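Colleague: I am new to this structure. Please take one part of it and go through that part closely.

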Amino acid sequence: MSLQPPAFPAEPTRFPLTKLAITRLGGPDRAKFLQGQVTCDVNALQPGQQTPGGHCDPKGKLWSDFRLLCLEESLLMLTSPSVLERQLPELKKFAVFSKVEIAADERHATGIAGVGSDEWIAAQFDLAQSGLIDGGMAVKIEQDRWLLVSNQQADSLPQGDESLWWGLEIKAGLPHMEAVHQGEYIPQMLNLQALDGISFNKGCYMGQETVARAKYRGANNRALFLLAGTSGEPVASGDTLELQLGDNWRRSGMVLNAWQQAGQVWLTAVLPKDTEADAQFRLKQDEGSRLTLQPLPYALTE
C-alpha cells in the first residue's frame with residue numbers, strides 16, 4: 001500500500017480550530033516578563049510578528065511549546081488546551097512581580113489551507129507574510145497555509161475537517177505538546193531550534209542553562225521525527241513506539257501527534273537522533289502496525 005499523506009485542499013478551505021487555546025498577556029511589562037520565562041526572543045517581536053517557542057521548568061523540561069503572536073496591546077500564546085492546567089500556574093506565579101495580566105482570550109483560531117490561499121489572504125487582508133488584521137493577526141505557516149487569530153472566521157470559504165489541519169501540521173514537522181508530554185522533553189527534542197523557536201543570545205530565562213548545555217556541549221541525543229505507516233487501532237499522543245531489532249522489539253519513543261485515515265497513520269515522535277533511516281517501528285498496542293521514517297521539510301540543527 002502506498003502511503004498517502006494528508007491531502008492538501010484543492011481550494012482555500014477554512015478549519016475552525018477547537019484544539020488550540022489562546023492565552024492573552026497584557027499590561028506594560030508583558031514583553032519584559034515573558035522574555036525571562038521562555039526560549040524565544042520576545043523583545044525582538046514587533047506588532048504583526050510571531051515566533052514559535054517553549055516554556056520550560058527550572059530543569060529545562062517543557063511545560064509547553066507554543067506560537068507567540070505580537071499585537072499592538074498584547075501578546076497571544078497559542079498552545080494545546082491540555083497543557084494549561086499545569087502551565088498557567090507556573091507562568092502566573094512569577095507574574096505577581098510584574099505589571100502583566102494573563103487570561104484566556106476570546107478570539108477564534110481558524111486555519112486557512114488549500115491551493116490559492118495565499119491569493120485569498122492577499123485579497124482579503126493585503127498581506128503576503130504574517131501581519132496584523134482587524135481584531136487580530138494572520139500568520140503564514142507555509143505556502144498556501146495560514147492561521148487567523150481574530151473574530152473573523154472566513155465564513156465565505158468551505159469548511160474542512162479539523163483533523164486534516166492537524167495532519168498538515170504533522171507533515172510540516174510542527175510540534176504540539178499535550179499534557180502527557182509535560183516534563184519529558186527539553187526544547188531541542190521538539191526541534192524548536194530548527195524552527196527558530198530558541199534564541200541563544202537573549203540572556204537568562206527559565207531552564208536556559210539546560211538548553212544552552214544541549215547546544216554547546218552536545219547534551220541532547222533525541223529529536224522529533226516524522227513517521228508514516230499503517231495501523232488498525234486508534235493512535236493517540238503518548239502512545240509508545242517500538243523499534244525492531246532482529247526478531248525483537250524495543251521501546252524507542254513516544255507519539256507526540258498523530259493523524260489517521262483509512263488505516264494509514266502519519267505521526268511525529270521523539271526518538272534517538274542516531275535512529276537509522278531504514279528503521280522499522282510499530283505501536284506497542286498494535287503489533288500488526290508498521291511505520292517508517294519520512295523526511296522532515298526542514299534541516300535539523302543543533
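Modeller: What follows is a look at the interface of domain 1 and domain 2, and then at the largest cavity.

This is a predicted model, in which local features need pLDDT of at least 70 and side-chain atom pairs count only at pLDDT 80 or more, while totals for chains, interfaces and linings use all residues. Residues are numbered from 1 along each chain as its sequence is written, and side-chain values use heavy atoms, with hydrogens and water left out.

The domain assignment, automatic or from a database, gives domain 1 (13–179) and domain 2 (221–297). Their C-alpha centres lie 28 Å apart. Domain 1 brings 12 residues to the contact (heavy atoms within 4.5 Å), and domain 2 brings 12 residues.

Between domain 1 and domain 2 about 860 Å² is buried, and carbon and sulfur atoms give 74% of that area. Buried area is the accessible area (1.4 Å probe) that two parts lose on being put together, summed over both. Of the area that domain 1 buries against domain 2, Ile-170, Lys-171 and Gly-173 supply 51%, more than any other three residues.

The rule finds 0 salt bridges across this interface, a salt bridge being a side-chain nitrogen of Lys or Arg within 4 Å of a carboxyl oxygen of Asp or Glu.

As for the largest cavity (on a 1 Å grid over the protein atoms alone, a set of points where a 1.4 Å probe fits but cannot get out), its volume, the space filled by probe spheres set on the points, is about 230 Å³.

Terms used. On a 1 Å grid over the protein atoms alone, a cavity is a set of points where a 1.4 Å probe fits but cannot get out, and a pocket is an open set with protein on both sides within 12 Å along at least five of seven lines; lining residues have an atom within 4 Å of a point.
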